[in-house]
Amino acid sequence: MKARSEIGRRGVFYRKSFIWLLLTAAIPGMITGLCLYWFGVGHMEDDLSELHQSQMKERVQNIDDQLSYLEMDLSHWAFSPRFGYSLKDMDFVYQFQEARDISKSLLVMQGSHPLIQDVELYINREEPVVFKTEHYRVYDPAMLTHYQQLLQDKRSVYWLEHLDEAEAQEDSVEDVVISTAETPLTLVHKVPGDSSQPFGALVVTLNREKLVNLLKTMTPYNEGLTFLLNAGGETILSDDPAASELVDELKSRLAGSSAEEGAFRLGRGGVMYSVSYGKLSRLDKEWTYVSASPMNAITSPVLALSKLIVAISLASLVIGLILSWLASRRMYDPMERLLRKLNPGSLAGHKRMDEFQYIEALWQDTAAESSELQAKLSDQQPMLRNGFLLQLLYGHLLSYSERELRERMARYGWQTGGHRFGFMHIRLTGLDGHAGEVTENDESLFTFAASNIAEELAEERFEQFHVMNFHNLALGLFVILPDRGQAIEGSNMPRMRELAEDITSAINKLLKLQAAITISKPLDEVKRLTATFMELERASSFRQFVNQNQILMLDALDERELLPEVQYPFQTELEIIQAMRCGDASSIDRLLHAFMDELLAGDGLEVHVQQGMLQLLASLQHMMLEAGVNPSKLFGCMNAFEELSRIRDSDKLLRWMKNYIIAPYLLERETRAGVQQKQVIDRTIVYIHEHYGNDISLESCGDHVGMSSYALSKLFKSVTGVNFIDYLTELRIGNAKELLLTTNLRINDVAEQVGYQQRYFNRIFKKLVGTTPSEYREAGGAAK
């Protein structure tokens with residue numbers, strides 16, 4: 001009975017201790033939540049406001065870049081030969097093909113940028129002309145005055161914040177009068193762009209709705225107000241025209257400030273606004289952007305978080321109390337039942353087991369369970385080490401001190417006292433040289449095999465190490481170097497290089513691949529491993545961009561020697577772009593290999609080859625935009641620059657450029673060309689059916705569709721499968737048959753209606769049908 005009472009007392013002590021432990025753990029959480037709720041918002045407003053300002057700068061930079069791209073594109077168009085001196089004296093009625101090309105060019109410009117709503121071309125001459133979708137003569141005096149004022153401006157390119165208002169007028173003459181309306185922003189560039197006496201102007205009108213949506217990105221959570229002011233303090237654009245009172249109050253506040261950019265708080269109507277303002281410098285203007293965001297949109301997540309912390313702490317306390325009571329019952333009830341069975345009254349004739357024997361047996365069971373848990377922990381130790389190193393390499397443990405990091409390493413079984421540390425970065429290359437198509441699964445298998453090779457070889461030289469498998473043809477080898485007091489150059493670093501050479505040799509022999517290995521400097525502090533890992537990845541880009549073994553020592557790299565002047569193959573780039581425009585696939589393939597050879601012929605460093613290919617990709621995308629092809633739609637919203645920067649093999653890089661950049665564009669080009677050609681032939685066939693009874697020819701059809709007779713003849717044959725003259729002859733004879741059978745017209749009249757003279761008609765009809773027209777009519781259509 002004594003043992004039972006003793007266990008009962010221990011159970012009460014356990015429950016009390018557990019309750020106090022739960023209270024100690026839960027109370028700080030509740031205090032933290034309450035303090036965050038009552039005081040945190042006021043103290044965090046400054047930090048959140050500063051974060052808001054940094055986000056604002058990024059979004060303002062995006063808007064500035066969009067407008068800068070628009071200015072650059074317009075300048076590029078203005079210097080195009082299409083808008084040169086020939087426009088001033090061109091007869092747009094007679095030279096209708098050139099006029100149509102100009103209209104198409106304006107349509108391409110209009111679709112080349114999301115902010116553009118309309119593009120116009122005004123040409124000032126004896127009979128002024130305006131191009132939009134078509135070209136029109138300008139008769140409206142107000143409109144003519146407006147365009148002439150654009151040309152009289154001394155600036156060659158400039159922004160108009162508002163267009164003059166003019167009454168829209170329509171006359172009953174055959175020329176259409178174009179009306180003007182007030183628009184938010186307009187960009188003007190005189191043409192020709194290289195002329196000191198321009199005679200025309202390209203006028204780009206911005207889409208007000210899209211520009212307002214772009215301004216709205218400056219206000220977080222889609223709340224608040226954003227607007228633009230000109231140099232005179234007038235509102236150019238606002239995303240909330242109804243908030244005029246708030247705009248006026250912000251204008252008055254900014255009028256008293258001499259700073260070009262800054263931030264302040266403004267309380268109005270019970271709402272505290274965080275206001276940011278700054279300058280947007282354009283070609284000839286300087287605009288001021290203002291963004292006012294309500295502070296409650298920033299602080300409301302903090303309030304919700306504080307309430308959540310308090311609720312979780314209270315819930316944890318209640319659940320802990322219930323679990324402590326249940327756990328104590330489950331732990332001590334079996335002991336009481338066991339002692340009850342060992343009571344002399346119920347087990348007569350058996351030797352009584354005292355409390356000390358019971359405690360000894362319980363201790364043995366506990367020791368056995370501890371040994372089993374220790375064995376399980378040893379099995380999980382490699383995974384724990386790998387997780388710790390991954391967190392350390394990617395900067396998730398920067399808040400830990402050196403002592404805390406070493407204590408964690410000691411718990412994972414590492415001895416760190418008096419030791420230094422090293423890291424080896426291994427990248428496999430040459431996988432594309434293997435036969436067959438290489439998949440991501442193949443990359444993982446080769447990486448796994450290489451990690452096993454590195455682990456076996458490292459075990460021969462170092463007692464403490466860990467191999468990390470990054471699964472993308474890259475490995476990491478972390479080594480704890482012994483003998484901290486000994487000179488590293490004379491001891492450990494040669495061992496690291498020898499290990500790298502052995503790993504390289506084994507990978508060459510067993511996997512038939514090459515290895516590019518970068519070895520770090522010796523580290524006295526394990527917390528420096530994060531920065532060292534970044535240096536290793538950066539230094540690995542200094543390898544020669546070829547499939548061969550390379551070993552780089554980080555302490556032996558001199559970046560200045562690795563960065564000589566790079567000769568970019570500009571001429572080859574121009575030839576590639578020209579071949580792309582012509583759709584010459586064979587030339588593109590040859591020139592692309594030549595481009596890569598020229599990059600490798602320089603220093604051949606990976607960083608320079610990748611930068612050269614990124615520049616080529618940018619030039620190709622620019623060419624696609626000029627051709628009216630959207631690269632984002634063409635590539636399926638793929639981030640081509642990010643995908644290219646991940647490739648570490650020259651052969652794979654070339655294959656990627658062919659399959660994912662060049663091939664989709666050539667297919668799109670062929671598709672577009674096929675559709676346009678079919679449309680031309682459809683128009684030609686309609687024209688033939690409408691005029692086959694007249695003196696129609698291949699030349700007249702070519703004039704109708706805007707093509708030469710030679711080009712139309714080849715295109716007609718390729719699309720329809722028959723020659724132009726054969727198609728026309730069959731059409732005429734077919735209609736002649738119908739007239740012979742369904743009418744009483746004379747043979748001469750039938751021939752005239754289908755476009756033939758009777759004599760020639762009789763000969764053609766008999767050649768194709770086998771009988772004369774008279775015989776065909778008499779036989780009722782039963783030709784031989």
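In which strand is Leu428 found? Leu428 belongs to strand E12, which covers residues 420-429. The model described here is predicted. The chain holds 24 helices and 16 strands, and 41% of its 784 residues are buried.

**Chain as a whole**

- Among contacts with a separation of 6 or more, 64% join residues that lie 24 or more positions apart.
- The exposed area of the chain comes to about 43,700 Å², and carbon and sulfur atoms supply 52% of this area.

**Leu428 in strand E12**

- Leu428 counts as buried because its relative accessibility is 4%, where the cut-off for buried is under 20%.
- Outside the neighbours within four places in sequence, Leu428 is in contact with Phe446, Thr447 and Ala450.
- The contacts of Leu428 also include Leu473, Ile507, Leu513 and Gln514.
- Leu428 and Arg648 are separated by 220 residues in sequence, yet their C-alpha atoms are 9.2 Å apart in space.

**Negative patch at Glu459**

- A surface patch of negative charge brings together Glu455, Glu456, Glu459 and Glu460.
- Of these residues, Glu459 is part of helix H9, which spans residues 440-459.
- Glu459 has a relative accessible area of 58% and is therefore exposed, the cut-off for exposed being over 50%.

**Backbone geometry in two loops**

- Val191 and Pro192 are joined by a cis peptide bond, with omega near -5 degrees.
- Pro192 sits in the loop that links strand E5 (186-191) to strand E6 (200-206).
- Lys512 is a residue other than glycine with a positive phi, near 60 degrees.
- The loop that holds Lys512 runs between helix H10 (492-511) and strand E15 (514-519).
- Lys512 is classed as exposed because its relative accessibility is 56%.

**Points to locate in the model**

- For the buried example, look at Leu428 in strand E12 and at its contact with Phe446, one of the residues listed above.
- For the charged surface, look at Glu459 in helix H9 together with Glu455, Glu456 and Glu460.
- For the backbone features, look at the cis bond from Val191 to Pro192 and at the positive phi of Lys512.

Terms used:
Residues are numbered from 1 along each chain as its sequence is written. This is a predicted model: local features need pLDDT of at least 70, side-chain atom pairs count only at pLDDT 80 or more; totals for chains, interfaces and linings use all residues. Side-chain values use heavy atoms; hydrogens and water are left out. Patches are made of residues with over 30% relative accessible area and no salt bridge: like charges are joined within 9 Å, nonpolar side chains (Val, Leu, Ile, Met, Phe, Trp, Tyr) within 5 Å. Accessible areas come from the Shrake-Rupley method with a 1.4 Å probe; for residues, only the protein chains shown count as cover. A salt bridge is a side-chain nitrogen of Lys or Arg within 4 Å of a carboxyl oxygen of Asp or Glu. Lys and Arg count as positive and Asp and Glu as negative; His and the chain ends are not counted. The place of a charge is taken as NZ of Lys, CZ of Arg, CG of Asp or CD of Glu. Helices (H or I, at least four residues) and strands (E, at least two) are DSSP runs, numbered from the N terminus. Buried means under 20% relative accessible area, exposed over 50%, partly exposed in between (1.4 Å probe, protein chains only). Contact means heavy atoms within 4.5 Å.
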